[in-house]
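Biologist: Let us go through this model strand by strand. Please give cut-offs as the terms come up.

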Amino acid sequence: MKRRVILIIGAIIFALLIVIGWQQYMLFQTKQYSPEATVQYVTSDIRVDVFYNRPYKKGRDIFGELVPFGEWWRTGANEATTITFSRDVAFNENDILKAGKYSVVTIPNTEEWVLIFSNKVPDWGTDYDDSADALRTFMAVEQLPEVVEQFTIDITEDNHQPQLIMAWDKTKVSVPFRVL
């Protein structure tokens, strides 16, 4: 009887190890096509950390096709894109976001994008609940002369004012922010 219980427990543990191993293998495979990236912006006033996954264009039409206009997008691939602010900030002068960690969702459009900071940080980014929105603001759209093959998020300064920038395919969107 004891031997039988030990064999059953051993079989269950073995099956669990196989399932966990398979999940990790599939995650590794997915990450090869859209690798993880982090962005840090650090000054004496603020620290901003962005975690996201970077899909490739691979000859596809991105905005309006792969990523439809007027519909929410998890803004990257794989897990949800997250951003952490060490201090309160204001986007577009008056759209105030409290310090904290948020998931990033966007609604791409041809003229401007809606940038959404959500209090809900989902595991994978495949669901979106607008009741968890912390802030909605707008991003200016610019058409680029050259293709950006891999989705990119960056924070740069223009005249000493930081800007959150996203670029992919021939589209670049940006929004200025200031530390409060």
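Biologist: Over how many bridges do β7 and strand β8 pair?

Modeller: First, the basis: this is a predicted model, where local features need pLDDT of at least 70, side-chain atom pairs count only at pLDDT 80 or more, and totals for chains, interfaces and linings use all residues. Residues are numbered from 1 along each chain as its sequence is written, and side-chain values use heavy atoms, with hydrogens and water left out. Strands are DSSP runs (E, at least two residues), numbered from the N terminus, and two strands pair if DSSP finds at least two bridges between them. β7 and β8 (residues 133-158) run antiparallel, and their bridges number 7.

Biologist: Which residue in β8 does E112 stand opposite, and which residue in β9 stands opposite that one?

Modeller: In β8, E112 faces A140. β8 is joined to β9 by 12 bridges, again antiparallel. Opposite A140, in β9, stands S174.

Biologist: Which residue in the turn of the β8 and β9 hairpin has a positive phi?

Modeller: The hairpin leaves 2 residues between the strands. The phi in question is about 55 degrees, and the residue is N159.

Biologist: What is the bridge partner of T106 in β7?

Modeller: β6 and β7 form a hairpin with 4 residues between them. They pair in the antiparallel sense over 5 bridges. The partner of T106 is L115.

Biologist: How many of the 7 residues of β7 are buried?

Modeller: Buried means under 20% relative accessible area, with a 1.4 Å probe and protein chains only. β7 (residues 112-118) is mostly covered, and its buried residues number 6.

Biologist: Which element gives the largest share of the largest nonpolar core?

Modeller: Such a core is a set of buried Ala, Val, Leu, Ile, Met, Phe, Trp, Tyr and Cys residues joined through side-chain atoms within 4.5 Å. This one has 32 residues, and V48, I83, F85, F91, F117 and M166 touch the most other members. Elements giving two or more residues include β1 (36-42), β2 (47-53) and β3 (82-85). The largest share, 6 residues, comes from β9.

Biologist: Why would nonpolar side chains be buried together?

Modeller: That is a general tendency in soluble globular proteins. Here, F85 touches residues including V48, F91 and F117, not counting those up to four places away in sequence (contact: heavy atoms within 4.5 Å). β4 and β9 pair antiparallel over 3 bridges. There, the bridge partner of F91 is F177.

Terms used. Buried < 20%, exposed > 50% of the residue type's maximum accessible area, 1.4 Å probe, protein only. Contact = heavy atoms within 4.5 Å.
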